Amino acid sequence: MENHENIIEVRNLVKKFGSFIANDNLTFNVKRGEIFGFLGANGAGKTTAIKILSGLSFPTSGEVKVAGFDVYKEREKVKKNIGYMSQKFSLYEDLTVRENIRFYGGIYGLSNKYIKEKTESLLERLKMNDIQNSLISSLPLGWKQKIAFSVAIFHNPKIVFLDEPTGGVDPVTRRDFWEMIYETSDSGITVFVTTHYMDEAEYCDRVSIMDQGRIEGLDTPEELKKQFEAKNMDEVFIKIARKQ
Amino acid sequence: MNRFFGFVKKEFHHIFRDYRTMLILFGMPISQILIFGYVVSNEITDVKIGIFDKSKDNVTQEITNKITSSGFFILHENLNSDKEIEKAFKKGVIREVIVFESDFAKKLERDGTAGIQIIADASDANTANIVSNYTKAIINSYVKNELFAKGLPYEIIPEVRMLYNNSLKGVYMFVPGTMALILMLVSAMMTSISIAREKEMGTMEVLLVSPLRPLPIVIGKVIPYMVLSFINAVVIIALSYFIFDMPIRGNIIFLLLETLLFIFMALSLGILISTASNSQLVAMFISMFALMLPTMLLSGFIFPIENMPKILQWLSTIMPARYFIIIVKNIMIKGSGIGVIWKETLIIAGMTVFFLVMSIKNFKVRLE
């Protein structure tokens with residue numbers, strides 16, 4: 001945490017859907033290079049917030065800066081600097097592994113040569129050389145998850161948003177996946193991850209916990225546990241939820 | 001541009017790797033054209049007709065009255081020369097012209113026989129057939145009830161002539177209809193389903209997060225379907241021309257341009273449907289029940305619009321296919337140019353703009 005440069009700055013973010021307030025006056029910063037956990041129960045407003053940060057949705061009011069650009073006015077610049085992986089591991093089922101990588105590389109405007117070289121090294125690293133020409137639909141979930149993540153950071157974004165990236169996979173695969181997140185973080189990419197698995201919260205550098213549209217706690221896992229006098233993040237979470 | 005081509009290429013991969021899509025795209029046109037060969041219809045009401053009375057005597061007046069008071073026909077215009085008949089048909093309002101030969105009453109008295117010519121617009125074969133039969137029946141009953149009853153052994157010989165489609169071929173009916181249906185299916189339904197699939201799979205979010213702007217995304221998704229729709233249209237026209245001897249009397253380039261316009265309309269409708277549906281299933285149901293069935297039933301493709309209850313007739317006016325069918329029939333069978341079908345062309349163009357504006361609006365609402 002010696003680096004204090006903020007890569008995401010959110011000031012008084014409000015998002016309303018009619019009279020329903022999904023994000024109620026959020027203010028927080030994410031520092032460059034950290035793994036930032038964005039926690040909360042289903043319906044707490046995590047997905048809404050991540051959609052605003054990644055430019056999929058506009059805030060009702062407030063100021064949001066991602067990678068130094070205003071999400072409202074400089075959407076295109078923001079888009080070049082972020083990667084996004086949805087909870088559905090969004091890949092094209094009827095395209096092969098290689099075609100998916102090729103396609104996603106292509107929409108970021110990377111050169112053919114670059115895509116080719118990077119695809120080779122990526123397949124090597126994922127040990128997927130044998131299945132590079134298999135259709136995605138034939139692969140197990142854990143493999144899809146790894147490919148989806150690799151694709152999201154293929155264009156070397158400054159930040160990658162992971163929206164519940166570990167939903168539906170077994171604990172071993174989840175563990176493997178967190179290894180990938182650490183590697184990514186080590187290479188300098190900021191990781192913004194939402195989850196509702198509290199054990200995963202322990203893996204993050206800093207964690208924010210949302211409840212009913214508001215941020216109720218934001219600190220390192222250790223500090224949060226101290227602050228709420230809890231043994232683990234699970235307890236922290238329950239204390240926050242019960243407070244209402 | 002590189003990005004964009006990659007996108008289009010990906011879309012073609014989707015299409016060519018899904019055998020169901022392929023079946024709909026290439027099996028449909030051929031099977032449809034063969035299936036819709038036999039179309040039946042039943043009754044007519046308020047058919048607009050023209051009368052060319054060369055005689056203008058009391059008998060022709062009486063017969064005219066019988067015909068116009070029957071409830072089946074409305075006298076739309078009185079014609080004064082043979083030339084006007086062709087012109088009247090080209091305007092597309094009247095379906096039939098009745099010609100009384102000169103000195104009708106005199107001939108009837110002198111020779112005991114006189115002739116009536118019934119000319120029907122047979123570009124719509126069913127209607128033409130029915131219309132001319134009704135006319136014949138009215139004339140026959142006039143002879144029976146008015147002349148025979150008075151003890152006058154006169155005979156009136158109706159002579160029926162089918163204009164544009166002498167042999168009353170059903171193919172003239174269903175080729176334009178099938179084209180409309182297939183283009184609706186491929187363009188509107190397939191586009192809406194393929195966009196809805198991206199939403200369902202979550203890939204649409206990933207695309208929207210990328211530097212690709214929404215417009216190229218939509219265009220990239222639509223282009224393959226446009227190309228395939230156009231190929232389909234050409235295949236249907238070729239099939240009907242070479243196998244069913246359907247004429248192409250008008251300008252073929254003009255016909256293809258009108259077809260392209262209709263494809264644009266269907267694509268924008270497909271985009272609109274996809275903005276309203278989040279899953280392939282919803283997109284499919286909307287396309288099926290809001291597009292396919294009405295297109296088949298209300299566009300005049302299978303059932304003559306004249307026979308429908310008033311409320312369905314109104315409904316049929318918002319069916320884009322209705323106008324396209326009129327356009328195709330006019331160009332292929334009558335050889336008409338833009339002068340005759342500018343109104344229909346304008347309506348389809350208007351609908352295209354409307355659907356596009358609505359889609360953009362819907363899309364923006366979703367982003368807010």
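**Helices α3 and α4 of chain A**

I began with how α3(A) and α4(A) lie against each other in this predicted model, and found the two helices oblique to each other, because their packing angle of about 135° falls outside the ranges that count as roughly parallel, roughly antiparallel or roughly perpendicular. For the record, α3(A) covers residues 97–107 and α4(A) covers residues 112–126, and their axes are 10 Å apart. The handedness of the crossing, which I looked up next, is right-handed. On the side of α3(A) I noted A:Arg98, A:Ile101, A:Arg102, A:Gly105 and A:Gly106, and these meet A:Ile115, A:Thr119 and A:Leu122 of α4(A). Sorted by class, the contact holds three nonpolar, three polar and two charged residues.

**The four-stranded sheet of chain A**

I then traced the strands of chain A and found an open sheet of four, in the order β2-β1-β4-β5, with antiparallel pairing. Which strands stand at its edges? They are β2, residues 20–31, and β5, residues 69–70; each has a single partner strand, so one side of each is left without a neighbour in the sheet. Inside the sheet I followed β1 (residues 6–17) and β4 (residues 61–66), which run antiparallel and are joined by five bridges. As one landmark for this pairing I wrote down A:Val10, which has A:Val64 of β4(A) opposite.

**The six-stranded sheet of chain A**

A further open sheet in chain A has six strands, ordered β6-β7-β8-β3-β9-β10, and here the pairing is mixed. At its edges stand β6 (82–85) and β10 (214–219), and since each has a single partner strand, one side of each is left without a neighbour in the sheet. Ignoring direction, I find neighbouring strands turned by 15° against each other on average. For a parallel pair I looked at β3 (residues 35–40) and β9 (residues 206–211), which five bridges join; within that pair, A:Leu39 has A:Ile209 as its bridge partner in β9(A).

I also checked which helices lie across these strands. Helix α1(A), residues 46–53, lies across β3, β7 (159–163), β8 (190–195) and β9 of chain A, and runs at about 150° to β7(A). Helix α6(A), residues 171–186, lies across β3, β7 and β8 of chain A, and its direction is at about 150° to β8(A).

**Two residues of chain A with positive phi**

Scanning the backbone angles, I stopped at A:Gln212, a residue other than glycine whose phi is nevertheless positive, near 45°. A:Gln212 sits in the loop between β9 and β10 of chain A, and it counts as partly exposed because it has 15 C-beta neighbours inside 10 Å. I made a similar note for A:Glu229, whose phi is positive, near 50°, and which lies in the loop between α8 (221–227) and α9 (233–242) of chain A. Is A:Glu229 buried or exposed? With 9 C-beta neighbours inside 10 Å, A:Glu229 counts as exposed, because the limit for that class is 12 or fewer.

**Chain B as a whole, and where it touches chain A**

Turning to chain B, I counted 14 helices and five strands, and read the span of its C-alpha trace along the principal axes as about 90 × 40 × 30 Å. Of its 368 residues, 41% are buried. Among its contacts between residues at least 6 apart in sequence, 80% join residues at least 24 apart.

Between the chains, 22 residues of chain B are in contact with 22 residues of chain A. On the chain B side, α1 (2–17) and α8 (203–209) each supply at least two residues, and the largest share, eight residues, comes from α1(B). By class I recorded nine nonpolar, seven polar and six charged residues on that side.

**Details inside chain B**

Helices α3(B), residues 58–68, and α5(B), residues 104–111, pack at an angle of about 110° with their axes 6 Å apart, which makes them roughly perpendicular. Here B:Asn58, B:Val59 and B:Thr60 of α3(B) meet B:Phe104, B:Ala105 and B:Leu108 of α5(B), a contact of four nonpolar, two polar and no charged residues.

My last entry is B:Ile333, found in helix α13 (residues 320–334) of chain B. B:Ile333 counts as buried because it has 24 C-beta neighbours inside 10 Å. Its C-alpha atom is separated by 19 Å from that of B:Ile305, 28 residues apart along the chain.

Methods
Residues numbered from 1 in each chain as written. Chains lettered and ligands numbered in written order. Predicted model: local features only at pLDDT ≥ 70, side-chain atom pairs only at ≥ 80, totals over all residues. Pairing = 2+ DSSP bridges. Axes fitted to C-alpha atoms, helices over the stretch in contact; angles between N-to-C directions. Parallel < 35°, antiparallel > 145°, perpendicular 65-115°, else oblique. Left-handed = near helix turned anticlockwise from the far one by under 90°. Contact = placed C-beta atoms within 7 Å. Nonpolar A, V, L, I, M, F, W, Y, C, P; charged D, E, K, R; others polar. Buried ≥ 20, exposed ≤ 12 C-beta atoms within 10 Å, placed from the backbone.
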